[in-house]
Every structure is written in C-alpha cells, then in structure tokens.
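User: Could you zoom in on one small spot in this model and walk me through what surrounds it? I'm new to this, so please keep it relaxed.

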Amino acid sequence: MQLDLKTIEALAPDQASLGAAAKLTKRSNWPRLEAHEQLPLIWGECQGSGSNPYRVAFDTSDHGYKCTCPSRKFPCKHILALMWIGATALDSFQRVDQTPDWVNDWLGRRRKPGQPPAQTRSEAKSIDEASRPEESAPVEDAAAAERRGAAQRKRAEDTRSAVSAALDELDQWIADQLRLGLAGFVDASSERCRRIAARLVDLKATALAGRIDELPARLMALRSEERPDAAIRELGKLVLLAKAWRAAPDDAELKRLVSTSETREQILANPDAVQVESDWEVLGEKIETRRDGLVSHATWLLDLRSPTPRFAVLLDFFPASAGRRSGAFAPGDRFKARLVFYPSRNPLRALIAERLGDVTPGAWPAFAEAATGDPLAAYAAFQDGAPWLSDCPVILPAGAIALDEKDGAWWQAASNPHGIALPVAGSVNQTLLGLDLAATAALWNGARLELLASQSSIGRLDLS
C-alpha cells in the first residue's frame, strides 16, 4: 500500500481539514478498520456524533474515496483520518479477503461493467477515448451550469448558517465561563475548551475551534497570577471576532479566522491582494506543536526597503508525526522576492510568489536605529484595526535586557523617562544581559515579548 503523509497533505482541501483529521486518528474512534489482502483497498467505520458510524473507504491505487458523512469537503476529515492511519499505523487494519457489500456497491458505481478491479478510472478513460473517433469536447449547457452555480450557492449558505450557529453557541459558552468564575475556568480550561472546540468543528467553525483548543496551553505558559487576566483578554477577543463576523460574514480575513482559509492558488489569483517586491531579511522562526496534531511553522520577515517597519510572515502547517522539517530559510538570510499578502486589515501573512535572488548582509534600515517614542504604538494601531488578533511584530528602540530573579527577563529602553520595561517570554541567553541593543525585532501579544533578532555593536543577534 503506497500511502505517506505528503500524499495526505496534497489531497487535503485545507489545513483545517488536516487538523480535524488528526483528532480522529485515535483507534477508539474506529470500531472497524480493515484492509484487503490482495486489492489496494482500506475501509472502516468512524463513530461520529450520531448513532450510526460513518462508512469510509479508500482506494490506495488511484486515491479514490467514499464516505457517508454529509461534509461538503472532498476529501472529508474521515477520509483523511483513514489515510493517516494507513500511513502511520498500518497494523491497526485487520486483513481480510472479502469486501463488505457497501464497499462492493461503491466499487461497482465507480467502475464500468466488465472493467477489471485493478484498472483505474484514468486508465479506463484513456482506453475509452482512444476507441472513439476524434470529436470536439462536450459543451456544458446553460441549465447544467445554473444547477452547479445553485449548488455552490446552497453550500455557501449552509456553511454560513452553520458558522452562525457555532458563534451563538460560543457566546453562550463564554457567558457560562464568566458566570462560573475565571478561577474555575483556568483550572478546568483544558477539558472545557476541548468540548466547545469539538462542537465548533461540527458546525464548520474549524479555524476558531483550533484557536480555542490552543488557549489552555497559552494560559499554562504564564505565571498563575497572570492567567485570569490573560483568560479574560482572550475571551474578549473571541467575542469581538464573533461580532465582526456577524457584521461581515463574507469578509476574507474573518472567514479565515473563523472557518477556512483560502488556498495558495486563490491568493495568487486574487487581483486585490497586496503585492510587494522588495529585499527581505529572515528575522526568526516560531514553531509550535498544536493539540490537533499539526505543527505551525511561522517565518517572520522584515522589509529592508520600506521607509517604515513592514513585516511579513510565511505560515506553514504539517503533521507532527512527520518529524521536524528543515526550513527553507535560516535566521539572518536575505533575499529579493515578490510577496503576495493575504487580504487583511493588517496585512502580515504572505506567500512568496517569485524569488528573485539573494541580498548581501548589512545593517537594518535607518528607521530601526532611529526608532523613538512609545515602542508599543504599533501594537495600539494593530489592535485598533483588528482587536481579535494577538501577535504583533514591533521594532523596539535602543535598549538592553535585564534579569530579575523573581520576574525573569525584561527588555528596558535605553532612553527611559517613562520607565518603559516589557517582560520577555521564555529564557534568555545570559550573554545578552546588559548588552547594548541598537534595535530589536520582537512579537508583542499584550503580555510578553518574544524576541526575534537585534542589531547591536557586535552585529546581528539571532534571538528566536
């Protein structure tokens, strides 16, 4: 059986489907898993929210599939989960020499009478076309096109209705958490968030479900006395996001944050997408293993030609079971490229549309060392545009890092009449303490700085 994780990623309709599939790979979700001893077939039954399990089948020879669930994603999360198990835990399948009737029915419908089982659909089509005289391609009639368009509109309306219902349930869930008390919520956040996240997935709010599923980990990374405040901030952001979606359900950014994201092809083909051709420096990476079995790999870039700080982030997802990937870039790399940004109030996420060559190393632009005033002014503007977002890239003025035995590491401005000092997330290399930093790039989430890189008297420093 030829199955691997790269094939599964290629077949998945979006990253949200991969995340949902990862949750279904537990053996307890599958009361039946079988593989044919001779034919390239695997099938199983996946227990969903209803009383009857979904029947799922997959042909490993031509990647044909069948699932009885009502999902309008092709392939659905059940198909992807079945493939995932086949790629990583083949021993979970019981070997049999006969296929169930429902698998036989599916095979009969997808193959022509008399066509041997080993023959794929593409092979059959080639043979059939070769046996016919040359003729012009059939033209779809207007009625068929209208039916297809009506079906697409109906699917979009069904998805919108489901997401609206999901947000109603989210509002009620948040109200329940506030009524029960934030201290209790923090202590039981893992189980409570997992339950509402599962419900949101069922109602097609998959991106929002992933965000809520990650909330407990973010809370536990903070000191215990900081967790209630962090929880109320995040719940408030969720309320604002739900309100914004209801006001503009077709907004591309809001759909990306609540339900599903656009494909790479859609972004590149979007005539309204912002495109920037410039010289870019890789500031650093942020790699996180998520609870849904995926790894998020963010690569932060700085525009070296912009007169004011401009950032971009390249975001990738892959299964954690695939192991650590070698990145395409290393911190400090410089290259010339044309980037296409995802439509957003604060355009950050981007795709590399065209790589144009390398750029020689050097100091950051003049705006970096000349940065003065409030280092968090950019964050305030960022929040004004999209208050439901968290990580904001900032350029900090000249400063240094100090260590407090109780509170950990802090960044402090060199010219500090207002006592500006910001707490730093994680541990800091001891050799950086007290070193004069001319300018520092970091991510600020309202509570902690995540350092990316600095320019100093001894050159560029990689801090991520």
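Analyst:
**A close look at P423**

P423 is buried, because its relative accessible area is 12% and buried means under 20% (exposed is over 50%, partly exposed in between, with a 1.4 Å probe and protein chains only). Before we go on: this is a predicted model, where local features need pLDDT of at least 70 and side-chain atom pairs count only at 80 or more, while totals for chains, interfaces and linings use all residues. Residues are numbered from 1 along each chain as its sequence is written, and side-chain values use heavy atoms, without hydrogens and water.

So what does P423 belong to? It sits in strand β14, which covers residues 421–423. (Strands are DSSP runs of E with at least two residues, helices are runs of H or I with at least four, and both are numbered from the N terminus.)

Now look at the company P423 keeps. Setting aside neighbours within four places in sequence, P423 is in contact (heavy atoms within 4.5 Å) with A409, W410, W444, A447, R448 and L449. Another residue to find is W411: P423 and W411 are twelve residues apart in sequence, yet their C-alpha atoms are 6.4 Å apart in space.

The strands help you place W411. Strand β13 spans residues 408–413, and three bridges join β13 to β14, with the two running antiparallel. (Two strands pair if DSSP finds at least two bridges between them.) In β14, W411 has L422 as its bridge partner.

Now step across to the other partner of β13. Strand β12, residues 399–404, runs antiparallel to β13, and six bridges join them. The chain gets from β12 to β13 by a hairpin through three residues. One bridge to pick out on screen is D404, whose partner in β13 is G408. Following the chain, then, you can trace β12, go through the hairpin into β13, and from β13 look over to its antiparallel partner β14, where P423 is found.

If you'd like another piece of pairing to practise on, go to the open sheet of five strands, with antiparallel pairing and the order β8-β7-β6-β9-β10. Its edge strands are β8 (311–319) and β10 (350–358), each pairing on one side only. Inside that order, β6 (residues 275–289) and β9 (residues 334–341) pair over seven bridges, again in the antiparallel sense. There, W280 stands opposite F335 in β9.
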